[in-house]
Structure formats: C-alpha cells, structure tokens
Amino acid sequence: MKVKFLKSAPSIEQAPEPNLVEVALLGRSNVGKSSFLNSWTGQKIAKTSSTPGKTKLINFFEVEEGGKKYRIVDLPGFGYAKVSKSMKREWGRELDRFLRERFNIKLFIHLRDARHPDLEIDRMVEEYLNSIKRRDQQVLIIFTKMDKLKQKEIARLKRQFPGALLVSNTKKRGFEEVKRRIAEILWGEERDEESPTGGEGPEAQGERKLKKGEG
Ligand code: GDP
C-alpha cells in the first residue's frame, strides 16, 4: 500500500478533483483516528496527539494498492462541545456541505471507542450519516481500542453492533479484516463483470459522474 499526502482543504471547493473513489474517516477526537490511519496504511502519515486541533481542515491522502487507486479523506475530529444540538452545527457548514455533496465518497468509516460504544455523540453521527448517505454509499463502524476489552465484552459488542469491526491500533490487531472489508466495499468481487460501466476504473466512473454533474 502506497500512501501520499495530497492536500488539506477547508471546504469542498478547495478539495481535489472528485476523480477517484474516496473513503471518509470520521471519529470523535481522541477515538484513535490518527493511530488508526497510521496502522491501516502502515505508515506514519497522521500525527497522533491528544491536543485538540482547532482548524477544521479536511486532509486528503492518495492510496495505491493492488494496482488500484483511491483516496482517504480524514475529517476533523468532533465532539469538543459538551452538548451538540445537531450534527450540522457540530461539523460547521463547510464540513456538512462537504459530506453531503462529495459524490465520490463511497464509504464512510465511523470510528468509535470500544470502551464507550454507545455515546450520544456517536449516535448522532450514525443518524446523520444514515440521513445523508446515498444508495451507492456505505457506512462501516469500526471500534478502536479493542485491547482494552475482555473477550466477553468483545462478544457482547459484536452482538450489539452486527457488521461492525474491531481493531487495536496499539497491538495492530484487526487490520487484515479492515482491509478486506474496505476492498470488498470499494471494488466488490464481481464488479469487473457486472458493473454497468463494464469494469472501468473508478477514475473513469468519477469523471463520468463529474461530467454529468456539470451538464
Ligand atoms: P485521535 O485524536 O482520534 O486522532 O486519537 P489518537 O490517534 O491521537 O489517539 C488518542 C489516544 O488513544 C492516544 O493516547 C493513543 O495512544 C490512544 N489509542 C489510540 N488507539 C488505541 C488503541 O487501539 N488501543 C489503545 N489502548 N490506545 C489507543
């Protein structure tokens, strides 16, 4: 997996051309998002720090893996305010607009802390994502810090959130499954034969959508 930082942008207008499939990464601050990014890509591309960042920038990384290209879109951590009236207010106008309008996001990864799996803020994010996601987009919940749980608690979490994945960034556990699931969602298995675009790469698909959007 080859990863390179592309750019940071405050809004959709400054984002790179939407000509590649994107995976958006969301999570409450301190959930382990930077650590996840580093473990997932096997590279130290994200700074891990416990100091809350104030700038709400969207970071774009370009990934090349198995001859396929996509982007990772790292969104600012949320949940600094004690009470959040709405996700729109939480995100701010630009981030809300980005998430709604960025058509080439195919997968939203919602990171949650395995020790606090059902926080109010995460329920809001879940609802928000489900309300904005289109039919060609998916949401994947990944719990971080699974190393803090006992086997029994892991089993309970899996029952409570079917389909969710669990990782440990510190112990580097769970990432094979994460990569497998992401590849499945992005590329599918029968995609080459059965996709209506006849097996074109995401670049061509993105460009077509882009042209449609412009027309
Ligand atoms: P971010 O604010 O979401 O980017 O979170 P960071 O990646 O900076 O991590 C926040 C804190 O949680 C750091 O002290 C990390 O070392 C710790 N952390 C992150 N992931 C894990 C994990 O899987 N297990 C454990 N035990 N600690 C973790």
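Which residue follows helix 6, and what is the sign of its phi? The residue is G188, and its phi is positive, near 65 degrees. Keep in mind that this is a predicted model.

Let's stay with helix 6. It covers residues 175–187, which makes 13 residues. At 1.5 Å a residue, the helix should span 18 Å. The end C-alpha atoms are 18 Å apart, so the expected span and the model agree.

Now the whole chain. The protein chain has 8 helices and 7 strands. It holds 215 residues, and 28% of them count as buried. Next, the contacts with a separation of 6 or more. Of these, 70% come from residues 24 or more positions apart.

On to the ligand. It is surrounded by 19 residues. The closest are G32, K33, S34, S35 and N169. Which helix gives the most to this shell? That is helix 1, residues 33–41, with 3 residues. By character, the shell divides into 14 polar residues, 4 charged and 1 nonpolar.

Last stop, S8. This residue sits in strand 1, which runs over residues 2–9. Is S8 buried or exposed? Neither label fits: S8 has 13 other C-beta atoms within 10 Å, so it counts as partly exposed. Buried would take 20 or more, and exposed 12 or fewer.

What does S8 touch, leaving aside neighbours within four places in sequence? Its contacts are L57, I58 and N59. Take N59. S8 and N59 are 51 residues apart in sequence. In space, C-alpha to C-alpha, S8 and N59 are 4.4 Å apart.

Definitions and conventions. Residues are numbered from 1 along each chain as its sequence is written. This is a predicted model: local features need pLDDT of at least 70, side-chain atom pairs count only at pLDDT 80 or more; totals for chains, interfaces and linings use all residues. Helices (H or I, at least four residues) and strands (E, at least two) are DSSP runs, numbered from the N terminus. The expected span of a helix is 1.5 Å times one less than its number of residues. A residue is near a molecule or strand if its C-beta atom, placed from the backbone, lies within 6 Å of it. Ala, Val, Leu, Ile, Met, Phe, Trp, Tyr, Cys and Pro count as nonpolar, Asp, Glu, Lys and Arg as charged, and the others, Gly among them, as polar. Two residues are in contact if their C-beta atoms, placed from the backbone, lie within 7 Å.
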